[in-house]
Amino acid sequence: MLVLAFDTATPAVTAALHDGQRVVAESTTIDARRHGELLAPAVEHVLRESGVTLKDVTAIVAGTGPGPYTGLRVGLMTATALAMTAGVPAFGVCTLDALAYAARESGPFLVATDARRKEVFWARYGDPRTRLDGPRVDLPHDLPAELPVIGAGGAMYAGVIGPGRVRGPEHPSAGALAALAAEHLATLSEEEAAEIARVPEGRVDSVEKARELAVLGPPRPIYLRRPDAQVPGAPKRVTA
């Protein structure tokens, strides 16, 4: 197994390679405005550091968000293109699940990332591998009380939710993303993995559909709300 994973759903542009036992190489840059510019060099770096080529990769995994439309689509389009080039399956993992997996929290906790508009994307976990609720998008003061909060969404609004609740890491790690995916891929047959990787038409743009996704799914984006940019409608008719 050789899993190439990356995530562009947050300001972190992160890529990693996992051999089924450990993270072989990883690269992370925090820059919310250069996802398209930084992802390809990050992928090239981890492949070069590992001494392999794209042809050696057996699976590609991308973070599916939730996240802003522009950054998120960079990673998912890249995953689809690289998978077609290499002739391997592409999978998606919720970005919040990757953050939870890296958190090392033993009890119930929340994961929250920046959703802009003074809101956060968040989900509730029973342990690093088990999502109990979400993902959702809400105002910071609407987060469930008392539980620790992992991620930049907690750090940004520590004054609202309480600084004592905030934990790290702030940004997702492709190493954790790859490790979580590899853990699940190891339990599947080739036929089962191929079935999961098939991409249904459409996108995940509702809370209900997002909650239905297992940890390992197809590389479909989780937006939870419509893009800010909209196609202009027909001009209004002016009457005298």
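This is a short talk on how the strands, helices and aromatic pairs of one protein model fit together.

Hello everyone, and thanks for coming. Please keep in mind throughout that we are looking at a predicted model. Let me begin with the overall inventory. The protein has eight helices and eleven strands. It has 240 residues, and 50% of them count as buried. If you take the contacts between residues at least 6 apart in sequence, 59% of them join residues at least 24 apart.

Now to the sheets, starting with the six-stranded one. Which order do its strands follow? Going across, we read β3-β2-β1-β4-β5-β11, in an open sheet with mixed pairing. The edges belong to β3, residues 23-30, and β11, residues 216-217. Each of these has a single partner strand, so one side of each is left without a neighbour in the sheet.

Let's stop at β4 and β5 for a moment. Strand β4 covers residues 59-63 and strand β5 covers residues 90-93, and the two pair in the parallel sense over four bridges. If you want a spot to click on, take Gly63, whose bridge partner in β5 is Val93.

Two helices lie across parts of this sheet. Helix α2, residues 69-86, lies across β1 (3-7), β4 and β5. Relative to β4, α2 runs at about 170 degrees. Helix α7, residues 190-197, lies across β5 and β11, and its angle to β5 is about 70 degrees.

On to the other sheet. This one is also open, with five strands in the order β8-β7-β6-β9-β10 and mixed pairing. Which strands sit at its edges? They are β8 and β10 (166-167), each pairing on one side only.

Within this sheet, strand β7 (residues 119-127) and strand β8 (residues 130-138) pair in the antiparallel sense over six bridges. A hairpin of two residues takes the chain from β7 to β8. Across that pairing, Phe121 stands opposite Val137 in β8. Further along the sheet, β6 pairs with strand β9, residues 149-150, in the parallel sense over two bridges. There you can find Val111 opposite Ile150 of β9.

While we have β8 on screen, have a look at Asp133, which lies in that strand. Is Asp133 buried or exposed? It counts as buried, because its relative accessibility of 18% falls under the 20% limit. Asp133 and Leu110 are 23 residues apart in sequence, and their C-alpha atoms are 9.5 Å apart in space.

The five-stranded sheet has a helix across it too. Helix α3, residues 95-103, lies across β6, β7, β8 and β9, running at about 135 degrees to β6.

That same helix brings us to some helix packing. Two packed helices are described by the angle between their axes and the distance between the axes. For α3 and helix α6 (residues 174-185), the axes come within 8 Å and cross at roughly 95 degrees. That makes α3 roughly perpendicular to α6. Who makes the contact? From α3 we have Asp97, Ala98, Tyr101 and Ala102, and from α6 we have Ala176, Leu177, Ala179, Leu180 and Glu183. Sorted by class, the contact of α3 with α6 has seven nonpolar residues, two charged ones and no polar ones.

Last topic: the aromatic rings. How many aromatic pairs does the model have? The count comes to two aromatic pairs. Tyr69 and Tyr223 form a tilted one, at 5.3 Å centre to centre with 45 degrees between the planes. Tyr69 lies in helix α2 and Tyr223 in the segment after β11, so this pair ties together parts that are 154 residues apart in sequence. As for burial, Tyr69 counts as partly exposed at 32% relative accessibility, while Tyr223 counts as buried at 6%.

The other pair is Phe109 with Tyr125, and it is stacked: 5.6 Å centre to centre, with 15 degrees between the planes. Phe109 is in strand β6 (residues 109-116) and Tyr125 is in strand β7, and the pair links these distant parts of the chain, 16 residues apart. Both rings belong to buried residues: Phe109 has a relative accessible area of 0%, and Tyr125 has 1%.

To recap, we have met an open sheet of six strands, an open sheet of five strands, the crossing of α3 and α6 at roughly 95 degrees, and two aromatic pairs. Thank you for listening!

Notes:
Residues numbered from 1 in each chain as written. Predicted model: local features only at pLDDT ≥ 70, side-chain atom pairs only at ≥ 80, totals over all residues. Heavy atoms only, no water. Pairing = 2+ DSSP bridges. Contact = heavy atoms within 4.5 Å. Axes fitted to C-alpha atoms, helices over the stretch in contact; angles between N-to-C directions. Phe/Tyr/Trp six-rings, centres within 6.5 Å; stacked < 30°, edge-to-face > 60°. Buried < 20%, exposed > 50% of the residue type's maximum accessible area, 1.4 Å probe, protein only. Parallel < 35°, antiparallel > 145°, perpendicular 65-115°, else oblique. Nonpolar A, V, L, I, M, F, W, Y, C, P; charged D, E, K, R; others polar.
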